[in-house]
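User: Please take a close look at a single part of this model and follow its contacts outward into the rest of the fold. I would like one connected account, with the cut-offs stated as you go.

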Amino acid sequence: MPSHPSSPPEASSGFLTDVSRFLGAFRWAFMPLGLVALVAVGVHAAADTLDDRLLTAVDRLDSAFDAFVGRYPATASLVDWVSLERRTQLARALALAWELAADLLLALPALGYREVEARRPVEAWRAMLEASDPETPGPASWRVLLRRCVRRPTPMRWVRPLATAGVVLAGACTLARLVQGTVYLSWRPLFGDTVADLSARGLAVAALVGVGVSLGWRAVLRNLQHADAACEAVGPRRAWTRGLLGCVLVAPLGLAAVWDASPVLSFLR
């Protein structure tokens, strides 16, 4: 009897591939939550560095108040009205309110993050670099957004994304420090101080880079898209004052995040 060639068996996908495809179906949920979490961690790290500065500002205001009321006998009893404990509580309350306001301004826009299917298979970052048609519905690319920032600059278009970049870097450094400390303390009894230290630093740098590549640039892009849409919605005349108060709130946090809460070089020294 003539033998018929058997058809090749269908290639079965591996277990990890199936799991990856299953989890990929929920990117619409965990990607925005991941961006919010990263921004919130960075804002908290930046706010922690401002506690002492706020306490110093409250102390100076209290000193000015005491100097004013101490001039008159009728108000001299108010000199010790605000104690050190109250000043500390006031500074902490101001830091908490500042942190929550920054979370609302920088983290909430990340909940609107959505991924669109590219016209051809390409990496996500490369797809967002390609120029998009401004008349086409959907998120604008980096090139379109940066072109608008240069040609029609507004405080919201520049301050919000830059502040987001600062707090994202601070959040990534916080996670990297957590990885470094956990690895070093758990590996030191097993492999010694040198191996544990080098391994902890290497894994911390890997975590820092991984968070930035996977989540960091997306958080900055989403805030840039949100700021651009808000400015476009009010027209060129009102765009300059759009979100100005929010920019004043998040700009110091962004600077503090970069200056005090982002010890990038500490992982290499």
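Analyst: Leaving aside its neighbours within four places in sequence, glycine 243 is in contact with Met156 and Arg160, where contact means heavy atoms within 4.5 Å. The model is predicted, so that local features need a pLDDT of at least 70 and side-chain atom pairs count only at pLDDT 80 or more, whereas totals for chains, interfaces and linings use all residues. Residues are numbered from 1 along each chain as its sequence is written, and side-chain values use heavy atoms, with hydrogens and water left out.

Glycine 243 sits in the loop between helix 8 and helix 9, helices here being DSSP runs of H or I of at least four residues, and strands runs of E of at least two, numbered from the N terminus. With a relative accessible area of 23%, glycine 243 is partly exposed, because that class falls between buried, under 20%, and exposed, over 50% (1.4 Å probe, protein chains only). Its C-alpha lies 8.7 Å from that of cysteine 231, which is 12 residues away in sequence.

Cysteine 231 also appears among the residues touched by arginine 157, together with Arg148, Cys149, Arg152, Leu224, Ala227, Asp228 and Glu232, if residues up to four places away in sequence are not counted. Arginine 157 belongs to helix 7 and, at 3% relative accessibility, counts as buried. Its C-alpha atom is separated by 9.6 Å from that of arginine 242, although the two residues are 85 places apart along the chain.

The packing of the two helices can be described next. Helix 7 and helix 8 pack at an angle of about 160 degrees, with their axes 7 Å apart; the axes are lines fitted to C-alpha atoms over the stretch in contact, and angles run from 0 to 180 degrees between N-to-C directions. That makes helix 7 roughly antiparallel to helix 8, since angles over 145 degrees count as roughly antiparallel, under 35 as roughly parallel, 65 to 115 as roughly perpendicular and the rest as oblique. The crossing of these two helices is right-handed, and the residues of their contact divide into 27 nonpolar, 6 polar and 7 charged.

Glycine 216, within helix 8, is buried with a relative accessible area of 5%. Beyond its neighbours within four places in sequence, glycine 216 is in contact with Leu38, Val168 and Val211. Between glycine 216 and alanine 172 the C-alpha separation is 8.0 Å, against 44 residues in sequence.

The largest nonpolar core has 32 residues, and those with the most contacts inside it are Val39, Val43, Leu106 and Leu253. Two or more residues each come from helix 2 (27-49), helix 4 (84-107), helix 7 (155-191), helix 8 (193-238) and helix 9 (244-259), and helix 2 gives the most, with 8 residues. Such a core is a set of buried Ala, Val, Leu, Ile, Met, Phe, Trp, Tyr and Cys residues joined through side-chain atoms within 4.5 Å. Leucine 106 touches Val39, Val43, Arg160, Ala163, Thr164, Val167, Asn223 and Val250, not counting residues up to four places away in sequence. Apart from the largest core lies another, of 7 residues, among them Trp142, Leu145, Val220 and Leu221.

Arg160 links this account to its start, as it is touched by leucine 106 and is also in contact with glycine 243. For the protein as a whole, there are 9 helices and 0 strands, and 32% of its 269 residues count as buried.

Methods:
Left-handed = near helix turned anticlockwise from the far one by under 90°. Nonpolar A, V, L, I, M, F, W, Y, C, P; charged D, E, K, R; others polar.
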